[in-house]
Amino acid sequence: MRLSSVFAIGGVFLTAAILCLVCARFAVSVVEDTSRHSVRNTLDENGMTWTEVDANGLHVFLAGTAPSEATRFKALSIAGSVVDAARVIDQMLVQDTGQIAAPRFSMEILRNDSGVSLIGLVPASMDREGFVEQVEAAVEGEPVADFLESADYPAPETWEAATAYALRSLKDLKRTKISLDAEQISVTAMTESAAVKADMETRLARRLPDGVKLALNISAPRPVITPFTLRFVIGEEGARFDACSADTEAARERIVKAARAAGLTGKANCLIGLGVPSPNWAVAAEQAIKAVDDLGGGVVTFSDADISLVALEGTPQGEFDNVVGTLESALPEVFALHAVLPEPPDETTPETPEFTATLSPEGMVQIRGRIATAAERKLVESFARARFTSDGVHMSARVAEGLPEGWTFKVLTALDALSYLSNGVVRVSPDEMQITGQTGQADAGSIISGMLSEKLGEGAQYEIDVRYREELDPVASLPTPEECESRIATIQETRKINFEPGSANIDASGSEIMDDIAEILKQCGEITMEIGGHTDSQGREVMNQQLSQARAQTVLNELRMRRVLTASITAVGYGETQPIEDNGTEEGREANRRIEFRVIKPVEIVEEQTTLESLEGSSEEQSDTEEADGQADEGAEDSGDEAGEAEEGAADAADSADGETQEDTADEQN
């Protein structure tokens with residue numbers, strides 16, 4: 001064989017080998033690109049954009065950091081559905097989830113006639129046995145069932161304060177559900193009356209600890225009003241209610257509207273209660289009030305279904321007969337009307353007997369006038385001493401003959417009415433009784449009117465002019481927490497609580513200002529307040545904070561020594577972190593060394609819907625939707641989400657001065 005033939009054959013084989021290699025490389029490249037793009041696209045479609053895909057021959061490599069182990073496994077499954085799962089090489093990492101979050105600690109305290117139940121999850125560090133003992137002490141030995149579970153996680157910062165608040169609230173509430181966690185407290189309770197309800201809401205809001213939100217749902221049963229009373233007067237001073245009762249909100253609105261049409265101005269206090277003699281009470285009240293207005297003045301009194309209408313002296317007889325006749329015809333069944341047109345006084349009539357009792361703001365009672373016998377005089381004096389302060393009754397009434405029948409009973413009734421006033425006068429004459437004065441009890445007028453209607457009977461004439469004054473109300477007259485804070489700030493504008501240099505001891509001039517601040521806090525009752533201690537920036541920051549804490553605590557101790565309620569008052573040392581003036585001047589440093597009193601304002605919240613309530617609401621909505629679909633061909637359903645965000649800010653602390661040489665000087669100045 002010639003050499004040229006060998007080279008020709010070899011060239012053919014070499015060319016074939018090169019072509020095979022090129023084709024193989026091209027095929028591999030096509031397979032890699034196809035696999036990589038197919039897997040990449042499929043992962044992107046499934047939201048796996050965090051993955052990194054590469055291919056080397058038949059192998060497909062997955063890399064990247066998966067949010068969770070489940071997500072990593074899902075990515076492998078998706079890739080295995082595109083190419084053979086054996087070709088997929090897992091090089092992915094899983095994101096570090098960090099420490100498992102602590103559970104939400106919460107507790108429910110349920111109290112009723114059968115005892116107290118404790119339900120919820122509490123920190124393991126909490127002294128459960130001690131807490132149960134405190135609950136038993138708060139409810140005075142009622143049985144306590146402990147269904148609490150515990151978890152070994154750190155207790156939230158405000159957990160202890162929240163549980164202490166719940167304990168104090170439990171002591172005051174006989175029927176209640178208290179739900180609490182570290183951030184919020186929800187109190188649902190029932191009280192005996194509207195007055196107790198208002199007092200309890202005030203007390204619960206005042207003692208709320210700092211950093212905790214409050215949701216209150218305090219209810220009170222409607223009072224039983226007996227007799228069911230309404231008394232409307234149009235006189236020289238205009239129109240007013242001496243007493244007003246209604247059975248429903250709608251009835252109250254109708255009665256007040258009728259009174260305003262007759263000339264009533266200002267606030268109308270109309271009590272809603274039980275015991276109405278007829279469902280047509282509001283209709284009868286409207287008609288009677290209109291009748292008084294048509295007469296140009298007078299008094300109408302309801303005592304259950306009995307109505308007494310007294311016109312003004314000098315009212316024309318024809319007009320009186322017309323108005324009374326119209327009212328009698330229009331009144332609903334059950335109601336009975338007794339109308340009186342007073343006759344002009346006879347100048348020849350001899351002097352009429354009178355009895356008068358005067359109550360002073362200091363509680364002294366002066367009794368003057370006439371009483372039938374010596375025994376009845378002694379009875380009246382004993383009754384007055386029982387109703388008022390025994391040493392404050394001065395009897396100067398004289399025994400007289402010829403008094404009307406039932407005179408002593410009317411005198412005792414008048415003294416009983418006077419006991420509802422803070423100060424005032426009652427006058428009794430044979431034909432009329434007058435009660436005038438001021439009171440701190442909002443419903444005193446209604447109570448007096450109802451009592452007189454019941455005791456004196458139908459047709460009795462009496463006049464009530466009782467004015468409610470908020471400053472005499474032992475609950476409403478309490479200053480608000482903001483007013484208390486303002487009063488203390490006013491004292492500190494001209495005087496300052498000073499301490500001995502470098503010490504937490506109040507100097508000699510501080511006793512008087514502490515007495516004045518204590519007196520204000522005693523008037524304010526129980527409020528949630530913080531005593532903040534502040535220093536200038538001289539010295540080390542840690543030492544300044546410790547000194548300010550000690551000084552704030554000293555002020556708190558001084559208040560305790562003066563018998564101020566301090567259970568809801570805390571002492572906090574802020575050191576140099578909250579300057580109000582420039583620390584670069586002596587005047588500024590003097591201003592920064594201070595004690596501040598700050599009211600902790602509660603943040604009311606709306607109770608969140610429970611799971612059961614949510615399910616019930618969903619069921620009702622679904623039922624309404626199905627009913628609508630049955631009546632129409634198309635229905636629409638709207639849904640919305642509500643979200644809330646809360647942001648917190650922090651104040652940067654001022655840098656402390658360096659150097660040991662400055663510390664001694666700072667101690668002297670602070």
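The exercises below work through the nonpolar cores, the disulfides and one sheet of a predicted model.

**Exercise 1. Find which residues have the most contacts inside the largest nonpolar core, and which elements build this core.**

Step 1. The largest nonpolar core comprises 38 residues, and those with the most contacts inside it are Leu230, Phe232, Phe241, Ile255 and Phe302.

Step 2. Two or more residues each come from the strands S12 (229-235), S13 (238-243), S16 (298-303) and S17 (306-311), and likewise from the helices H6 (249-261), H7 (281-295) and H8 (317-330). Of these elements, H7 gives the largest share, with 9 residues.

Step 3. To see the packing around one of these residues, take Ile255: leaving aside residues up to four places away in sequence, Ile255 touches Leu230, Phe241, Cys244, Ser245, Ala246, Trp281, Ala282, Ala285 and Ile289.

Step 4. A second core, separate from this one, holds 32 residues, among them Val135, Val144, Leu180 and Leu208. As background, nonpolar side chains tend to be buried together in soluble globular proteins.

**Exercise 2. Determine how many disulfides a search of the whole structure finds, and decide for Cys244 and Cys270 whether each is buried or exposed.**

Step 1. The search of the whole structure yields 2 disulfides, and with the bonded cysteines numbered in sequence order the pairing reads 1-2, 3-4.

Step 2. One disulfide joins Cys244 to Cys270, with an S to S distance of 2.0 Å. The torsion about this S-S bond is about -65 degrees, and therefore the disulfide is left-handed. Cys244 sits in the loop between S13 and strand S14 (245-246), whereas Cys270 sits in the loop between H6 and strand S15 (271-272), so that the pair links distant parts of the chain, 26 residues apart.

Step 3. Burial is judged against a cut-off of under 20% relative accessible area. Cys244 counts as buried because its relative accessibility is 0%, and Cys270, at 3%, is buried as well.

**Exercise 3. Establish which helices hold Cys484 and Cys524, and what their pairing ties together.**

Step 1. The sulfur atoms of Cys484 and Cys524 lie 1.7 Å apart and form a disulfide, and this link is left-handed, with -120 degrees about the S-S bond.

Step 2. Cys484 belongs to helix H12 (residues 481-494) and Cys524 to helix H13 (residues 510-524), so the pair ties together parts that are 40 residues apart in sequence.

Step 3. Cys484 is buried, at a relative accessible area of 0%, and Cys524 is buried with a value of 0%.

**Exercise 4. Work out which strands stand at the edges of the open sheet of S26, S27 and S28, and which helix packs on this sheet by touching S26, S27 and S28.**

Step 1. The sheet is open and has 3 strands in the order S27-S26-S28, with mixed pairing.

Step 2. Strand S27 (569-575) and strand S28 (594-599) are at the edges; each has a single partner strand, and therefore one side of each is left without a neighbour in the sheet. From one strand to the next, the twist averages 25 degrees.

Step 3. Strand S26 (residues 529-534) pairs with S28 in the antiparallel sense over 6 bridges, and Met529 stands opposite Val599 in S28.

Step 4. H12 lies across S26 and S28 and runs at about 165 degrees to S28. Helix H14 (residues 541-561) packs on the sheet and touches S26, S27 and S28, its direction making about 155 degrees with that of S27.

Notes. Residues are numbered from 1 along each chain as its sequence is written. This is a predicted model: local features need pLDDT of at least 70, side-chain atom pairs count only at pLDDT 80 or more; totals for chains, interfaces and linings use all residues. Side-chain values use heavy atoms; hydrogens and water are left out. A nonpolar core is a set of buried Ala, Val, Leu, Ile, Met, Phe, Trp, Tyr and Cys residues joined through side-chain atoms within 4.5 Å. Buried means under 20% relative accessible area, exposed over 50%, partly exposed in between (1.4 Å probe, protein chains only). Helices (H or I, at least four residues) and strands (E, at least two) are DSSP runs, numbered from the N terminus. Contact means heavy atoms within 4.5 Å. A disulfide is a pair of cysteine sulfur atoms within 2.5 Å. Two strands pair if DSSP finds at least two bridges between them. Axes are lines fitted to C-alpha atoms, for helices over the stretch in contact, and angles run from 0 to 180 degrees between N-to-C directions.
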